[in-house]
Amino acid sequence: MVETLQFYLSYPFVRYALIVGTLIALCSSLLGVTLVLKRFSYIGDGLSHVAFGALAVATLFDIGSTSVVVMPVTVLAAILILRTGQNPKIHGDAAIAMLSVGSLAVGYLVMNLFSTSANISGDVCSTLFGSTSILTLTKAEVWLCVVMSVIVVAVFILLYNRIFAVTFDENFARATGLKASVYNNLIAIITAVIIVLAMNLVGSLLISALIIFPALSAMRVIQNFRGVVIYAAILSVLCAFVGIVLSILFSTPVGSTIVAADIVVFFINSLICKIAVK
Amino acid sequence: MAYITCDNLILGYEGTPVAENISFTVEKGNYLCIVGENGAGKSTLMKTLLGLTPLMGGSITYGDGLAAYEIGYLPQQTFVQKDFPASVWEIVLSGTLSKCGRRPFFNKAQKQLAEENMRRMDIWNLKKQCYRKLSGGQQQRVLLARALCASAKLLLLDEPVTGLDLRVTAEFYQLIKELNEEGLTIIMVSHDIHAAVKYADRILHVEREKSFIGSTGDYVKSDFWKELGSYSEKII
(Lines give C-alpha, C1' and ligand atoms only; values in the text may rest on other atoms or scores of the structure.)
Protein backbone atom coordinates (compact mmCIF):
# COMPACT_ATOMS: atom_id res chain seq x y z
CA MET A 1 0.00 0.00 0.00
CA VAL A 2 2.84 2.37 0.87
CA GLU A 3 4.45 1.55 -2.42
CA THR A 4 1.28 2.23 -4.35
CA LEU A 5 1.02 5.55 -2.55
CA GLN A 6 4.61 6.44 -3.40
CA PHE A 7 3.93 5.49 -6.96
CA TYR A 8 0.92 7.79 -7.13
CA LEU A 9 2.71 10.63 -5.36
CA SER A 10 5.32 10.64 -8.08
CA TYR A 11 2.65 12.06 -10.39
CA PRO A 12 2.35 15.85 -10.28
CA PHE A 13 -1.48 15.74 -10.58
CA VAL A 14 -1.74 13.79 -7.33
CA ARG A 15 0.52 16.28 -5.59
CA TYR A 16 -1.53 19.16 -6.99
CA ALA A 17 -4.73 17.58 -5.72
CA LEU A 18 -3.24 17.16 -2.25
CA ILE A 19 -1.99 20.76 -2.12
CA VAL A 20 -5.26 22.25 -3.31
CA GLY A 21 -7.37 19.92 -1.18
CA THR A 22 -5.60 20.63 2.09
CA LEU A 23 -5.48 24.38 1.44
CA ILE A 24 -9.20 24.56 0.76
CA ALA A 25 -9.89 22.44 3.83
CA LEU A 26 -7.75 24.79 5.91
CA CYS A 27 -9.52 27.94 4.73
CA SER A 28 -13.02 26.54 5.02
CA SER A 29 -12.44 25.31 8.57
CA LEU A 30 -11.15 28.73 9.69
CA LEU A 31 -14.29 30.42 8.42
CA GLY A 32 -16.44 27.53 9.57
CA VAL A 33 -15.94 28.26 13.25
CA THR A 34 -17.28 31.78 12.85
CA LEU A 35 -20.14 30.75 10.59
CA VAL A 36 -21.30 27.96 12.90
CA LEU A 37 -21.15 30.21 15.96
CA LYS A 38 -22.98 33.02 14.20
CA ARG A 39 -25.70 30.50 13.25
CA PHE A 40 -24.86 30.75 9.56
CA SER A 41 -24.08 27.08 9.03
CA TYR A 42 -26.39 26.95 6.07
CA ILE A 43 -24.79 29.89 4.32
CA GLY A 44 -22.23 27.55 2.76
CA ASP A 45 -24.94 25.36 1.39
CA GLY A 46 -26.95 28.27 0.03
CA LEU A 47 -23.96 29.90 -1.61
CA SER A 48 -22.78 26.71 -3.22
CA HIS A 49 -26.15 26.34 -4.92
CA VAL A 50 -25.86 29.88 -6.16
CA ALA A 51 -22.42 29.03 -7.47
CA PHE A 52 -23.94 26.01 -9.23
CA GLY A 53 -26.55 28.19 -10.93
CA ALA A 54 -23.94 30.74 -11.92
CA LEU A 55 -21.71 28.02 -13.28
CA ALA A 56 -24.52 26.65 -15.43
CA VAL A 57 -25.21 30.07 -16.91
CA ALA A 58 -21.49 30.75 -17.43
CA THR A 59 -21.02 27.48 -19.28
CA LEU A 60 -23.95 28.41 -21.48
CA PHE A 61 -22.27 31.58 -22.67
CA ASP A 62 -19.06 29.66 -23.19
CA ILE A 63 -16.84 32.01 -21.25
CA GLY A 64 -13.25 30.86 -21.12
CA SER A 65 -12.79 30.82 -17.37
CA THR A 66 -16.06 30.20 -15.59
CA SER A 67 -14.86 31.60 -12.26
CA VAL A 68 -14.88 35.09 -13.82
CA VAL A 69 -18.68 34.86 -13.62
CA VAL A 70 -19.15 32.48 -10.73
CA MET A 71 -16.96 34.35 -8.25
CA PRO A 72 -18.64 37.79 -8.39
CA VAL A 73 -22.15 36.30 -8.49
CA THR A 74 -21.46 34.18 -5.42
CA VAL A 75 -19.87 37.09 -3.54
CA LEU A 76 -22.92 39.20 -4.32
CA ALA A 77 -25.24 36.48 -3.10
CA ALA A 78 -23.21 36.16 0.11
CA ILE A 79 -23.61 39.85 0.93
CA LEU A 80 -27.30 39.67 0.03
CA ILE A 81 -27.87 36.73 2.36
CA LEU A 82 -26.16 38.48 5.26
CA ARG A 83 -28.13 41.65 4.65
CA THR A 84 -31.50 39.96 4.56
CA GLY A 85 -30.49 37.90 7.58
CA GLN A 86 -30.44 41.14 9.56
CA ASN A 87 -33.79 42.21 8.23
CA PRO A 88 -36.37 41.30 10.86
CA LYS A 89 -39.08 40.80 8.24
CA ILE A 90 -37.36 38.06 6.26
CA HIS A 91 -35.49 35.61 8.41
CA GLY A 92 -32.01 34.50 7.50
CA ASP A 93 -32.90 30.87 7.05
CA ALA A 94 -35.82 31.62 4.74
CA ALA A 95 -33.65 33.95 2.65
CA ILE A 96 -30.98 31.30 2.25
CA ALA A 97 -33.50 28.57 1.45
CA MET A 98 -35.14 30.77 -1.19
CA LEU A 99 -31.90 31.71 -2.86
CA SER A 100 -30.43 28.24 -2.78
CA VAL A 101 -33.29 26.20 -4.24
CA GLY A 102 -34.02 28.99 -6.70
CA SER A 103 -30.56 28.97 -8.19
CA LEU A 104 -30.37 25.19 -8.13
CA ALA A 105 -33.55 24.98 -10.19
CA VAL A 106 -32.55 27.70 -12.62
CA GLY A 107 -29.10 26.21 -13.00
CA TYR A 108 -30.42 22.77 -13.87
CA LEU A 109 -33.05 24.26 -16.17
CA VAL A 110 -30.46 26.24 -18.08
CA MET A 111 -28.17 23.23 -18.34
CA ASN A 112 -30.98 21.10 -19.74
CA LEU A 113 -32.35 23.64 -22.16
CA PHE A 114 -29.16 24.88 -23.73
CA SER A 115 -26.48 22.34 -23.10
CA THR A 116 -24.68 20.98 -26.11
CA SER A 117 -23.06 18.23 -24.10
CA ALA A 118 -24.22 14.68 -24.72
CA ASN A 119 -23.97 13.73 -21.08
CA ILE A 120 -26.03 16.27 -19.13
CA SER A 121 -26.69 14.13 -16.09
CA GLY A 122 -22.98 13.37 -15.88
CA ASP A 123 -22.19 17.10 -15.97
CA VAL A 124 -24.76 17.88 -13.32
CA CYS A 125 -23.63 15.05 -11.11
CA SER A 126 -19.99 16.10 -11.22
CA THR A 127 -20.86 19.72 -10.45
CA LEU A 128 -22.98 18.68 -7.51
CA PHE A 129 -20.81 16.00 -5.99
CA GLY A 130 -17.38 17.02 -7.14
CA SER A 131 -15.70 15.52 -10.11
CA THR A 132 -12.36 14.07 -10.89
CA SER A 133 -11.42 17.59 -11.97
CA ILE A 134 -9.42 17.87 -8.76
CA LEU A 135 -7.13 15.36 -10.41
CA THR A 136 -6.88 17.31 -13.63
CA LEU A 137 -5.85 20.65 -12.18
CA THR A 138 -3.48 22.77 -14.20
CA LYS A 139 -0.49 24.51 -12.67
CA ALA A 140 -2.22 27.88 -13.03
CA GLU A 141 -5.27 26.65 -11.09
CA VAL A 142 -3.04 25.35 -8.33
CA TRP A 143 -1.30 28.72 -8.08
CA LEU A 144 -4.61 30.58 -8.02
CA CYS A 145 -5.70 28.38 -5.15
CA VAL A 146 -2.43 28.83 -3.28
CA VAL A 147 -2.55 32.62 -3.61
CA MET A 148 -6.19 32.79 -2.55
CA SER A 149 -5.56 30.56 0.44
CA VAL A 150 -2.60 32.63 1.58
CA ILE A 151 -4.75 35.75 1.35
CA VAL A 152 -7.61 34.15 3.29
CA VAL A 153 -5.33 32.85 6.05
CA ALA A 154 -3.47 36.16 6.30
CA VAL A 155 -6.69 38.16 6.51
CA PHE A 156 -8.03 35.77 9.11
CA ILE A 157 -4.93 36.01 11.31
CA LEU A 158 -4.69 39.81 11.03
CA LEU A 159 -8.36 40.30 11.84
CA TYR A 160 -8.58 37.41 14.30
CA ASN A 161 -9.30 39.56 17.36
CA ARG A 162 -11.91 41.59 15.55
CA ILE A 163 -13.57 38.52 14.10
CA PHE A 164 -13.76 37.08 17.60
CA ALA A 165 -15.35 40.27 18.93
CA VAL A 166 -17.92 40.43 16.15
CA THR A 167 -18.74 36.74 16.49
CA PHE A 168 -19.09 36.71 20.26
CA ASP A 169 -21.03 39.92 20.70
CA GLU A 170 -21.78 42.08 17.71
CA ASN A 171 -23.63 44.77 19.67
CA PHE A 172 -20.82 45.21 22.15
CA ALA A 173 -18.30 45.41 19.34
CA ARG A 174 -20.38 48.06 17.59
CA ALA A 175 -20.85 49.97 20.84
CA THR A 176 -17.08 50.28 21.15
CA GLY A 177 -16.90 51.75 17.68
CA LEU A 178 -16.03 48.67 15.64
CA LYS A 179 -17.51 48.69 12.16
CA ALA A 180 -19.19 45.31 12.53
CA SER A 181 -20.90 45.39 9.14
CA VAL A 182 -17.53 45.70 7.41
CA TYR A 183 -16.35 42.52 9.10
CA ASN A 184 -19.62 40.73 8.42
CA ASN A 185 -19.36 41.56 4.74
CA LEU A 186 -15.73 40.50 4.72
CA ILE A 187 -16.63 37.15 6.27
CA ALA A 188 -19.34 36.70 3.64
CA ILE A 189 -16.97 37.56 0.80
CA ILE A 190 -14.25 35.20 2.00
CA THR A 191 -16.83 32.45 2.43
CA ALA A 192 -17.97 32.96 -1.15
CA VAL A 193 -14.41 32.83 -2.45
CA ILE A 194 -13.70 29.60 -0.58
CA ILE A 195 -16.88 28.02 -1.86
CA VAL A 196 -16.06 28.77 -5.47
CA LEU A 197 -12.57 27.33 -4.97
CA ALA A 198 -13.94 24.29 -3.16
CA MET A 199 -16.43 23.44 -5.89
CA ASN A 200 -13.65 21.70 -7.78
CA LEU A 201 -12.83 19.60 -4.79
CA VAL A 202 -16.05 18.32 -3.31
CA GLY A 203 -18.76 19.68 -5.57
CA SER A 204 -21.40 22.17 -4.60
CA LEU A 205 -23.60 19.87 -2.51
CA LEU A 206 -20.85 18.81 -0.16
CA ILE A 207 -19.09 22.11 0.51
CA SER A 208 -20.98 22.92 3.67
CA ALA A 209 -19.62 19.70 5.14
CA LEU A 210 -16.11 21.11 4.84
CA ILE A 211 -17.27 24.27 6.57
CA ILE A 212 -19.28 22.88 9.45
CA PHE A 213 -17.83 19.47 10.38
CA PRO A 214 -14.35 20.52 11.55
CA ALA A 215 -15.82 23.40 13.57
CA LEU A 216 -18.44 21.18 15.21
CA SER A 217 -15.87 18.49 15.97
CA ALA A 218 -13.52 21.00 17.57
CA MET A 219 -16.29 22.63 19.61
CA ARG A 220 -17.05 19.26 21.18
CA VAL A 221 -13.73 19.03 22.96
CA ILE A 222 -12.09 22.46 23.12
CA GLN A 223 -13.34 25.20 25.43
CA ASN A 224 -11.72 28.35 24.08
CA PHE A 225 -12.02 30.15 20.78
CA ARG A 226 -8.39 30.08 19.72
CA GLY A 227 -8.13 26.38 20.53
CA VAL A 228 -11.28 25.63 18.56
CA VAL A 229 -9.97 27.47 15.50
CA ILE A 230 -6.58 25.74 15.58
CA TYR A 231 -7.98 22.27 16.29
CA ALA A 232 -10.63 22.65 13.59
CA ALA A 233 -7.96 23.63 11.08
CA ILE A 234 -5.81 20.62 11.99
CA LEU A 235 -8.75 18.21 11.78
CA SER A 236 -9.91 19.62 8.48
CA VAL A 237 -6.48 19.43 6.83
CA LEU A 238 -6.01 15.90 8.15
CA CYS A 239 -9.39 14.75 6.86
CA ALA A 240 -8.81 16.27 3.44
CA PHE A 241 -5.40 14.65 3.17
CA VAL A 242 -6.56 11.24 4.29
CA GLY A 243 -9.70 11.52 2.17
CA ILE A 244 -7.81 12.31 -1.01
CA VAL A 245 -5.24 9.55 -0.42
CA LEU A 246 -7.96 6.98 0.28
CA SER A 247 -9.95 8.02 -2.75
CA ILE A 248 -6.89 7.52 -4.93
CA LEU A 249 -6.03 4.16 -3.38
CA PHE A 250 -9.54 2.75 -3.53
CA SER A 251 -10.75 4.82 -6.49
CA THR A 252 -13.70 6.29 -4.58
CA PRO A 253 -15.17 9.74 -5.34
CA VAL A 254 -12.88 12.42 -3.83
CA GLY A 255 -15.50 14.73 -2.34
CA SER A 256 -17.60 12.17 -0.53
CA THR A 257 -14.52 10.35 0.79
CA ILE A 258 -13.28 13.59 2.41
CA VAL A 259 -16.70 14.25 3.90
CA ALA A 260 -16.90 10.67 5.17
CA ALA A 261 -13.56 11.20 6.92
CA ASP A 262 -14.97 14.41 8.47
CA ILE A 263 -18.00 12.51 9.73
CA VAL A 264 -15.86 9.80 11.32
CA VAL A 265 -13.73 12.45 13.04
CA PHE A 266 -16.87 14.18 14.29
CA PHE A 267 -18.10 10.99 15.96
CA ILE A 268 -14.69 10.31 17.49
CA ASN A 269 -14.68 13.80 18.99
CA SER A 270 -18.25 13.43 20.25
CA LEU A 271 -17.17 10.24 21.95
CA ILE A 272 -14.16 11.96 23.54
CA CYS A 273 -16.51 14.69 24.77
CA LYS A 274 -18.88 12.13 26.33
CA ILE A 275 -16.04 10.27 28.04
CA ALA A 276 -14.48 13.51 29.30
CA VAL A 277 -17.77 14.58 30.89
CA LYS A 278 -17.95 11.31 32.81
CA MET B 1 -20.27 70.21 30.79
CA ALA B 2 -22.03 66.87 31.24
CA TYR B 3 -20.82 63.50 29.95
CA ILE B 4 -23.96 63.09 27.89
CA THR B 5 -26.49 65.76 26.99
CA CYS B 6 -29.67 64.57 25.29
CA ASP B 7 -31.89 67.24 23.85
CA ASN B 8 -35.43 66.57 22.64
CA LEU B 9 -34.78 63.03 21.53
CA ILE B 10 -37.25 61.23 19.33
CA LEU B 11 -36.73 57.50 19.65
CA GLY B 12 -37.90 54.82 17.33
CA TYR B 13 -36.93 52.19 14.89
CA GLU B 14 -37.72 51.65 11.23
CA GLY B 15 -39.29 55.07 11.00
CA THR B 16 -41.89 54.58 13.74
CA PRO B 17 -41.38 56.84 16.73
CA VAL B 18 -41.73 55.14 20.11
CA ALA B 19 -41.07 57.96 22.56
CA GLU B 20 -40.65 61.68 22.11
CA ASN B 21 -39.42 64.78 23.94
CA ILE B 22 -36.77 63.15 26.00
CA SER B 23 -34.21 65.56 27.41
CA PHE B 24 -31.74 64.73 30.12
CA THR B 25 -28.11 64.95 31.07
CA VAL B 26 -25.73 62.47 32.61
CA GLU B 27 -23.05 64.06 34.74
CA LYS B 28 -19.82 62.50 35.89
CA GLY B 29 -20.45 60.30 38.91
CA ASN B 30 -24.20 59.92 38.34
CA TYR B 31 -26.06 56.67 38.92
CA LEU B 32 -28.99 56.93 36.56
CA CYS B 33 -31.68 54.29 36.24
CA ILE B 34 -33.85 54.20 33.14
CA VAL B 35 -37.22 52.66 33.96
CA GLY B 36 -40.53 52.40 32.16
CA GLU B 37 -42.97 49.92 30.78
CA ASN B 38 -42.03 47.38 28.14
CA GLY B 39 -42.17 48.91 24.70
CA ALA B 40 -41.90 52.44 26.08
CA GLY B 41 -38.52 52.88 24.46
CA LYS B 42 -36.02 51.95 27.17
CA SER B 43 -34.01 49.61 24.94
CA THR B 44 -34.26 51.95 22.00
CA LEU B 45 -32.95 54.81 24.12
CA MET B 46 -30.06 52.65 25.25
CA LYS B 47 -29.23 51.53 21.72
CA THR B 48 -29.38 55.13 20.58
CA LEU B 49 -26.96 56.21 23.31
CA LEU B 50 -24.58 53.47 22.17
CA GLY B 51 -24.84 54.51 18.55
CA LEU B 52 -26.42 51.21 17.49
CA THR B 53 -29.69 52.76 16.36
CA PRO B 54 -29.84 55.99 14.39
CA LEU B 55 -31.44 58.99 16.04
CA MET B 56 -34.84 60.03 14.66
CA GLY B 57 -34.70 63.53 16.05
CA GLY B 58 -33.02 65.71 18.63
CA SER B 59 -29.37 65.57 19.54
CA ILE B 60 -26.92 63.73 21.76
CA THR B 61 -23.71 65.51 22.73
CA TYR B 62 -20.81 63.87 24.49
CA GLY B 63 -18.58 66.06 26.63
CA ASP B 64 -16.47 66.44 29.75
CA GLY B 65 -13.77 64.20 28.28
CA LEU B 66 -16.14 61.42 27.24
CA ALA B 67 -15.84 60.49 23.59
CA ALA B 68 -18.59 58.81 21.59
CA TYR B 69 -18.14 55.03 21.74
CA GLU B 70 -16.37 55.38 25.08
CA ILE B 71 -19.15 53.61 26.91
CA GLY B 72 -18.68 50.30 28.67
CA TYR B 73 -21.70 48.27 27.62
CA LEU B 74 -23.11 45.31 29.51
CA PRO B 75 -25.59 43.77 27.08
CA GLN B 76 -28.23 41.18 27.78
CA GLN B 77 -27.09 37.66 27.03
CA THR B 78 -27.70 36.56 23.49
CA PHE B 79 -28.54 33.00 22.59
CA VAL B 80 -25.32 32.77 20.59
CA GLN B 81 -23.30 33.15 23.80
CA LYS B 82 -25.01 30.32 25.65
CA ASP B 83 -22.84 27.68 23.98
CA PHE B 84 -19.95 29.81 22.77
CA PRO B 85 -16.55 28.20 23.27
CA ALA B 86 -14.55 31.11 24.64
CA SER B 87 -12.36 31.44 27.69
CA VAL B 88 -12.93 34.19 30.25
CA TRP B 89 -9.59 35.71 29.29
CA GLU B 90 -10.49 35.92 25.59
CA ILE B 91 -13.76 37.65 26.36
CA VAL B 92 -12.39 40.21 28.79
CA LEU B 93 -9.46 40.98 26.52
CA SER B 94 -11.82 41.64 23.62
CA GLY B 95 -13.13 44.61 25.61
CA THR B 96 -9.86 46.43 25.03
CA LEU B 97 -10.20 46.15 21.26
CA SER B 98 -11.16 49.80 20.80
CA LYS B 99 -7.73 50.72 22.19
CA CYS B 100 -6.03 48.74 19.43
CA GLY B 101 -6.46 51.43 16.84
CA ARG B 102 -5.17 49.94 13.63
CA ARG B 103 -2.94 47.39 15.29
CA PRO B 104 -4.11 43.83 14.59
CA PHE B 105 -3.08 42.38 17.96
CA PHE B 106 -3.27 43.26 21.63
CA ASN B 107 -0.25 44.80 23.31
CA LYS B 108 1.06 44.56 26.85
CA ALA B 109 -0.88 47.55 28.15
CA GLN B 110 -4.15 46.04 26.97
CA LYS B 111 -3.39 42.67 28.54
CA GLN B 112 -2.54 44.43 31.78
CA LEU B 113 -5.80 46.37 31.66
CA ALA B 114 -7.70 43.13 31.19
CA GLU B 115 -5.89 41.55 34.13
CA GLU B 116 -6.56 44.54 36.39
CA ASN B 117 -10.26 44.48 35.64
CA MET B 118 -10.47 40.74 36.12
CA ARG B 119 -8.85 41.06 39.53
CA ARG B 120 -11.19 43.95 40.31
CA MET B 121 -14.17 41.72 39.49
CA ASP B 122 -12.61 38.83 41.39
CA ILE B 123 -12.58 36.50 38.38
CA TRP B 124 -8.82 36.26 37.78
CA ASN B 125 -8.84 32.67 39.01
CA LEU B 126 -11.42 31.83 36.31
CA LYS B 127 -9.09 33.09 33.57
CA LYS B 128 -8.89 29.83 31.65
CA GLN B 129 -12.43 28.65 32.35
CA CYS B 130 -14.93 28.37 29.56
CA TYR B 131 -17.56 31.08 29.63
CA ARG B 132 -20.50 28.75 28.94
CA LYS B 133 -19.67 26.67 32.02
CA LEU B 134 -19.85 29.57 34.49
CA SER B 135 -22.81 30.43 36.70
CA GLY B 136 -25.05 33.37 35.78
CA GLY B 137 -23.44 35.63 38.37
CA GLN B 138 -19.93 34.76 37.22
CA GLN B 139 -20.90 35.38 33.59
CA GLN B 140 -22.15 38.85 34.52
CA ARG B 141 -18.84 39.58 36.24
CA VAL B 142 -16.98 38.52 33.11
CA LEU B 143 -19.07 40.82 30.94
CA LEU B 144 -18.67 43.58 33.50
CA ALA B 145 -14.89 43.21 33.41
CA ARG B 146 -15.06 43.43 29.63
CA ALA B 147 -17.19 46.58 29.85
CA LEU B 148 -14.69 48.11 32.28
CA CYS B 149 -11.93 47.40 29.76
CA ALA B 150 -13.84 49.36 27.14
CA SER B 151 -14.41 52.37 29.38
CA ALA B 152 -13.16 53.50 32.76
CA LYS B 153 -15.66 56.34 32.82
CA LEU B 154 -19.16 55.21 32.05
CA LEU B 155 -21.00 51.91 32.21
CA LEU B 156 -24.31 51.22 30.53
CA LEU B 157 -26.09 48.14 31.82
CA ASP B 158 -29.06 46.58 30.09
CA GLU B 159 -31.36 44.68 32.49
CA PRO B 160 -28.30 43.21 34.20
CA VAL B 161 -30.05 41.05 36.79
CA THR B 162 -32.37 39.17 34.44
CA GLY B 163 -32.15 35.47 35.24
CA LEU B 164 -30.04 35.88 38.37
CA ASP B 165 -31.30 34.50 41.67
CA LEU B 166 -32.05 36.80 44.61
CA ARG B 167 -28.76 36.51 46.44
CA VAL B 168 -26.66 37.00 43.31
CA THR B 169 -28.89 39.92 42.31
CA ALA B 170 -28.26 41.65 45.64
CA GLU B 171 -24.53 41.04 45.30
CA PHE B 172 -24.57 42.42 41.78
CA TYR B 173 -26.36 45.61 42.80
CA GLN B 174 -23.85 46.04 45.62
CA LEU B 175 -20.98 45.62 43.16
CA ILE B 176 -22.40 48.29 40.87
CA LYS B 177 -22.91 50.62 43.82
CA GLU B 178 -19.27 50.16 44.80
CA LEU B 179 -18.12 50.90 41.25
CA ASN B 180 -20.22 54.05 41.34
CA GLU B 181 -18.65 55.09 44.63
CA GLU B 182 -15.23 54.55 43.09
CA GLY B 183 -16.14 57.24 40.58
CA LEU B 184 -17.69 55.37 37.67
CA THR B 185 -20.78 56.82 36.08
CA ILE B 186 -23.59 54.27 35.81
CA ILE B 187 -26.59 54.14 33.50
CA MET B 188 -28.81 51.15 34.13
CA VAL B 189 -31.87 50.09 32.20
CA SER B 190 -34.08 48.16 34.58
CA HIS B 191 -37.46 46.61 35.20
CA ASP B 192 -36.83 46.56 38.89
CA ILE B 193 -38.01 50.00 39.98
CA HIS B 194 -37.66 49.21 43.67
CA ALA B 195 -33.97 48.47 43.27
CA ALA B 196 -33.72 51.53 41.04
CA VAL B 197 -35.13 53.75 43.78
CA LYS B 198 -32.92 52.09 46.35
CA TYR B 199 -29.58 52.40 44.57
CA ALA B 200 -29.74 55.11 41.90
CA ASP B 201 -29.47 58.82 42.55
CA ARG B 202 -31.36 59.81 39.43
CA ILE B 203 -34.31 58.25 37.62
CA LEU B 204 -35.40 58.57 34.01
CA HIS B 205 -38.89 57.22 33.55
CA VAL B 206 -39.59 56.83 29.84
CA GLU B 207 -43.16 56.94 28.66
CA ARG B 208 -44.80 57.50 25.32
CA GLU B 209 -45.94 61.08 25.75
CA LYS B 210 -44.04 62.53 28.64
CA SER B 211 -41.10 61.32 30.61
CA PHE B 212 -39.80 62.00 34.07
CA ILE B 213 -36.23 62.94 34.80
CA GLY B 214 -35.01 63.95 38.21
CA SER B 215 -33.53 62.86 41.49
CA THR B 216 -34.71 59.70 43.17
CA GLY B 217 -36.19 61.80 45.98
CA ASP B 218 -38.37 63.72 43.54
CA TYR B 219 -39.31 60.56 41.71
CA VAL B 220 -40.89 58.84 44.69
CA LYS B 221 -43.05 61.95 45.22
CA SER B 222 -44.15 62.02 41.58
CA ASP B 223 -47.29 60.59 39.99
CA PHE B 224 -45.18 58.06 38.07
CA TRP B 225 -44.14 56.41 41.29
CA LYS B 226 -47.61 56.63 42.79
CA GLU B 227 -48.99 54.75 39.83
CA LEU B 228 -46.29 52.19 39.21
CA GLY B 229 -44.49 51.89 42.52
CA SER B 230 -47.50 51.44 44.73
CA TYR B 231 -49.09 49.14 42.17
CA SER B 232 -46.18 46.75 42.05
CA GLU B 233 -45.91 46.87 45.84
CA LYS B 234 -49.43 45.50 46.05
CA ILE B 235 -48.43 42.59 43.83
CA ILE B 236 -45.46 41.77 46.03
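In the predicted model, the buried residues of helix H13 of chain A are Val254(A), Gly255(A), Thr257(A), Ile258(A), Val259(A), Ala261(A), Asp262(A), Val265(A), Phe266(A), Asn269(A) and Ser270(A). This helix comprises the 24 residues 254–277 of chain A, for which a rise of 1.5 Å a residue predicts a span of 34 Å, and the value of 35 Å between its end C-alpha atoms therefore agrees with expectation.

A corresponding check was applied to helix H2 of chain A, residues 12–37, whose 26 residues should span 38 Å at 1.5 Å a residue; the end C-alpha atoms lie 38 Å apart, so the expected and computed spans agree. H2(A) nevertheless bends by about 30° at Leu31(A). The helix is mostly covered, with 20 of its 26 residues buried, and H2(A) is followed by Arg39(A), a residue whose phi is positive, near 65°.

In chain B, attention turns to a pair of packed helices. Helix H4 (residues 136–150) and helix H5 (residues 166–181) of chain B pack at an angle of about 20°, and their axes are 11 Å apart. Because angles under 35 degrees count as roughly parallel, H4(B) and H5(B) are assigned to that class. The contact between them is made on the H4(B) side by Gly137(B), Gln140(B), Arg141(B), Leu144(B) and Leu148(B), and on the H5(B) side by Val168(B), Phe172(B), Leu175(B), Ile176(B) and Leu179(B). H4(B) passes H5(B) in a right-handed crossing.

Terms used
Residues are numbered from 1 along each chain as its sequence is written. Chains are lettered from A and ligands numbered from 1 in the order in which they are written. This is a predicted model: local features need pLDDT of at least 70, side-chain atom pairs count only at pLDDT 80 or more; totals for chains, interfaces and linings use all residues. Side-chain values use heavy atoms; hydrogens and water are left out. Helices (H or I, at least four residues) and strands (E, at least two) are DSSP runs, numbered from the N terminus. The expected span of a helix is 1.5 Å times one less than its number of residues. The bend at a residue is the angle between axes fitted to the seven residues ending there and the seven starting there. Buried means under 20% relative accessible area, exposed over 50%, partly exposed in between (1.4 Å probe, protein chains only). Axes are lines fitted to C-alpha atoms, for helices over the stretch in contact, and angles run from 0 to 180 degrees between N-to-C directions. Angles under 35 degrees count as roughly parallel, over 145 as roughly antiparallel, 65 to 115 as roughly perpendicular and the rest as oblique. A crossing is left-handed if the near helix is turned anticlockwise from the far one by less than a right angle, and right-handed if clockwise. Contact means heavy atoms within 4.5 Å.
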